[in-house]
Amino acid sequence: MLFRSFSPIFLAIPGAATAPALIIVGVMMMGSIKTIHWEDYCKAIPAFITIILMPLAYSISDGILIGVISYVICHAVAGKFKEVSVTMWILAALFICKYIFI
């Protein structure tokens, strides 16, 4: 109930105001890029998709969702089923359902 009273304040913030947050997240991600194992395509492709999709979709959450889905798909296609935890399989299934039904 308390959060409903703040709703008009949050709605007053224009969509363009989210750009600085995306830039800050992007800068913070750049430090972690050097630790990605680019030789392992099952890890490199989802990381690349996540990094690229965040600014293109104007949504950090959509970038992360597609990154999780692509991680599971890449490992499944490569036959590395045991490297993916049950939690990741469940999350990927839920995220796919989100995109199908919304």
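**Two pockets and a salt-bridge network**

I would like to begin with helix α2, which is the main contributor to the lining of the second largest pocket and places 7 residues there. Please keep in mind throughout that this is a predicted model, in which local features need pLDDT of at least 70 and side-chain atom pairs count only at pLDDT 80 or more, while totals for chains, interfaces and linings use all residues. Residues are numbered from 1 along each chain as its sequence is written, and side-chain values use heavy atoms, with hydrogens and water left out.

Two terms need their limits: a pocket is an open set of points on a 1 Å grid over the protein atoms alone, where a 1.4 Å probe fits, with protein on both sides within 12 Å along at least five of seven lines, and lining residues have an atom within 4 Å of a point. Helices are DSSP runs of H or I, at least four residues, numbered from the N terminus.

Staying with the second largest pocket, you will find A19, L22, I23, V25, G26, M29, M30, I51, M54, P55, Y58 and I60 around its wall. Two or more of these lining residues come from each of α2 and α3. The volume of this second largest pocket is about 180 Å³, a volume being the space filled by probe spheres set on the points, which are joined across faces, edges and corners.

Turning to the largest pocket, we have a space of about 240 Å³. M29, S32, I33, I36, H37, K43, P46, A47, T50, I51, G67 and Y71 form its lining, and at least two lining residues are supplied by each of α2 (19–33), α3 (41–57) and α4 (60–77). Here the leading contributor is α3, with 5 residues. You may notice that M29 and I51, which I listed for the second largest pocket, are also in the lining of the largest pocket.

Among the residues lining the largest pocket is K43, and this lysine takes us to the charged pairs. In general, side chains of opposite charge can pair when their charged atoms come close. The whole structure contains 3 salt bridges (a side-chain nitrogen of Lys or Arg within 4 Å of a carboxyl oxygen of Asp or Glu).

In one of them K43 pairs with D40, and the closest N and O atoms lie 3.5 Å apart. Should we call K43 buried or partly exposed? K43 counts as partly exposed because its relative accessibility is 31%, the class lying between buried, under 20% relative accessible area, and exposed, over 50% (1.4 Å probe, protein chains only). D40 is also partly exposed, since its relative accessible area is 21%.

D40 has a further partner in K80, with a separation of 3.6 Å from N to O. That pair joins distant parts of the chain, K80 being in the loop between α4 and α5 (86–101) and D40 in the loop between α2 and α3, 40 residues apart. K80, at 27% relative accessibility, again counts as partly exposed.

Finally, K43 forms a salt bridge with E83, where the closest N and O atoms are 3.9 Å apart. This pair, too, connects distant parts of the chain, running from K43 in helix α3 to E83 in the loop between α4 and α5, 40 residues apart. E83 has a relative accessible area of 47% and is therefore partly exposed. Through shared partners, the salt bridges join D40, K43, K80 and E83 into one network.
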